[in-house]
Amino acid sequence: AKASAAPAASSAAVLSSSSDGHVFHQRIRSKGTSWKTILASASIPPLLPGGGVFEWEVELKSINVNKNTFAVVVGVVTSDFEPRPKVNQPVGWKSARGWALVAGSGEKLHHSRGAEYTRPFLSGERIGVRFDTKKGSLEFSRDGVSLGVAFDKIRNPVYPAVSCIQSQDIRISPIAFRLPNAPKDTTKVGGWGSFTWDRVQRGSSIMEVHGGGISTYGSAWQTVVGDRVFLENTGIYSWGIALVQLELTKNTFGAVVGVVPADFKFCDANQPIGWASLPGKAIIASGKLLRGGKCCDYGNNTPFRAGDVIGVRLDTHAKTLEFFRNKAPLGVAFSGLKLPLRAAASIVHKQHITLLSPLPLPSRSTSSSSASSSSSSSS
């Protein structure tokens, strides 16, 4: 079947590290009549200054084209793609905007239009994916042999993605980043799965809440840190902190969200991240920024409310940290960051927060890409 006739079922199921606990680099066994899509938790920046290549593979342990000739679709989606049940379409189709290779037919797919590219893939073969950030090009390979550039001049931040339908068995490799002309033994593998809170590096009064949240009811600050290290030049990471319950009557800070150095030495200090004893760069629930024990203005300093989501975007190439309010960009908060880093959050009194990892965030607009007058440098 040509790409113009891709079938869709009445309902969809989505595999994503944000909803089902799956990580991008793993083995996936799919079944059912609905498209299932899994995303990496970090996006790839377009036209990266200096260039660099992201590479990964999808091994087709078993591919079944009996009921749907598309079977498995491999490629990238734009950063505004949100996995949700009603998007019952593969990567590269209308509601899953992106660029892809259809394994079952060998076509390349974009804007729901298929074009000849290679012969169909068979069980046991490997689909290699190569994204060149300098050229904005997407290239595929079969068992290590290049099939040529399929798409070029991609100027959007994109998420690596794989879609499956019917009975398929695939294995996705970790995603690797390599600088231009660097030998393969210098490849850096980024943290392309979702992360959770470290079960050891946390405050003694942190309580687990059903649904993946944490809370505290004491008068002392409690801190949690992520279990994944964000390395330099490994992608753009985005996550969110849902403010399920926010009580600011006893402490106007309430919740503090941001990053800490990867070698952060945990201590049960009665301080939030970004204060004197706890290094880090963060945003406070009051809307201001916090670093080195000092608060500074950030935009219009509008306080967050219970029910809001604080979005966080860490660009390990540009070395910037940006915050969002319910997916609305607030501008670059910190620049010149020193990596590696970990995600972190501190709460006090009657607070309840939930980690959303990953959290797809809108592409940076012209207005949000320029740092506000309150943005801070790490130097």
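In what order do the seven strands of the open sheet with antiparallel pairing stand? In this predicted model, the order is β16-β19-β28-β21-β22-β23-β24. The edge positions are taken by β16 (197–202) and β24 (294–296). Each of these two strands has a single partner strand, so one side of each is left without a neighbour in the sheet. Direction ignored, neighbouring strands of this sheet are turned by 30° against each other on average. At the β16 edge, two bridges connect β16 with strand β19 (residues 222–226) in the antiparallel sense. Within β19, V224 stands opposite R202.

An open sheet of six strands is also present, with antiparallel pairing and the order β2-β12-β5-β6-β7-β8. Its edges are formed by β2 (36–39) and β8 (113–115); each has a single partner strand, so one side of each lacks a neighbour in the sheet. The average turn between neighbouring strands of this sheet is 25°, direction ignored.

Within the six-strand order, β5 stands between β12 and β6. The pairing of β5 with strand β12 (residues 158–164) is antiparallel and extends over seven bridges. The pairing of β5 with strand β6 (residues 98–102) is likewise antiparallel and comprises five bridges. G75 takes part in both pairings: A161 stands opposite G75 in β12, and A100 stands opposite G75 in β6. For V76, the bridge partner in β6 is W99. Strands of a sheet pair through backbone hydrogen bonds, in either the parallel or the antiparallel sense.

Strand β5 covers residues 72–78, and seven of its seven residues are buried, so the strand is largely enclosed by the rest of the structure. F70 is located in the loop between β4 (53–62) and β5. F70 has a relative accessibility of 0% and therefore counts as buried. Although F70 and S105 are 35 residues apart along the chain, their C-alpha atoms are separated by 6.1 Å.

The largest nonpolar core contains 34 residues. The residues with the most contacts inside this core are W197, W239, L243, I283, L321 and F323. Two or more residues of the core are supplied by each of β20 (236–245), β21 (255–261), β25 (309–315), β26 (320–325), β27 (328–335), β28 (341–347) and β29. With residues up to four places away in sequence not counted, L321 touches V259, K281, V312, R313, L314, V332, A333, F334 and L337. A second, separate core has 33 residues, including V58, A71, A103 and F131. Nonpolar side chains tend to be buried together in soluble globular proteins.

H352 belongs to strand β29 (residues 351–356), one of the elements that give two or more residues to the largest nonpolar core. The relative accessible area of H352 is 15%, which is below the 20% limit, so H352 is buried. Not counting residues up to four places away in sequence, the contacts of H352 are V209, G213, I214, S215, A242, L243, V244 and Q245. Among these contacts is L243, which is listed with the residues that have the most contacts inside the largest core.

Definitions and conventions: Residues are numbered from 1 along each chain as its sequence is written. This is a predicted model: local features need pLDDT of at least 70, side-chain atom pairs count only at pLDDT 80 or more; totals for chains, interfaces and linings use all residues. Side-chain values use heavy atoms; hydrogens and water are left out. Buried means under 20% relative accessible area, exposed over 50%, partly exposed in between (1.4 Å probe, protein chains only). Helices (H or I, at least four residues) and strands (E, at least two) are DSSP runs, numbered from the N terminus. Two strands pair if DSSP finds at least two bridges between them. Contact means heavy atoms within 4.5 Å. Axes are lines fitted to C-alpha atoms, for helices over the stretch in contact, and angles run from 0 to 180 degrees between N-to-C directions. A nonpolar core is a set of buried Ala, Val, Leu, Ile, Met, Phe, Trp, Tyr and Cys residues joined through side-chain atoms within 4.5 Å.
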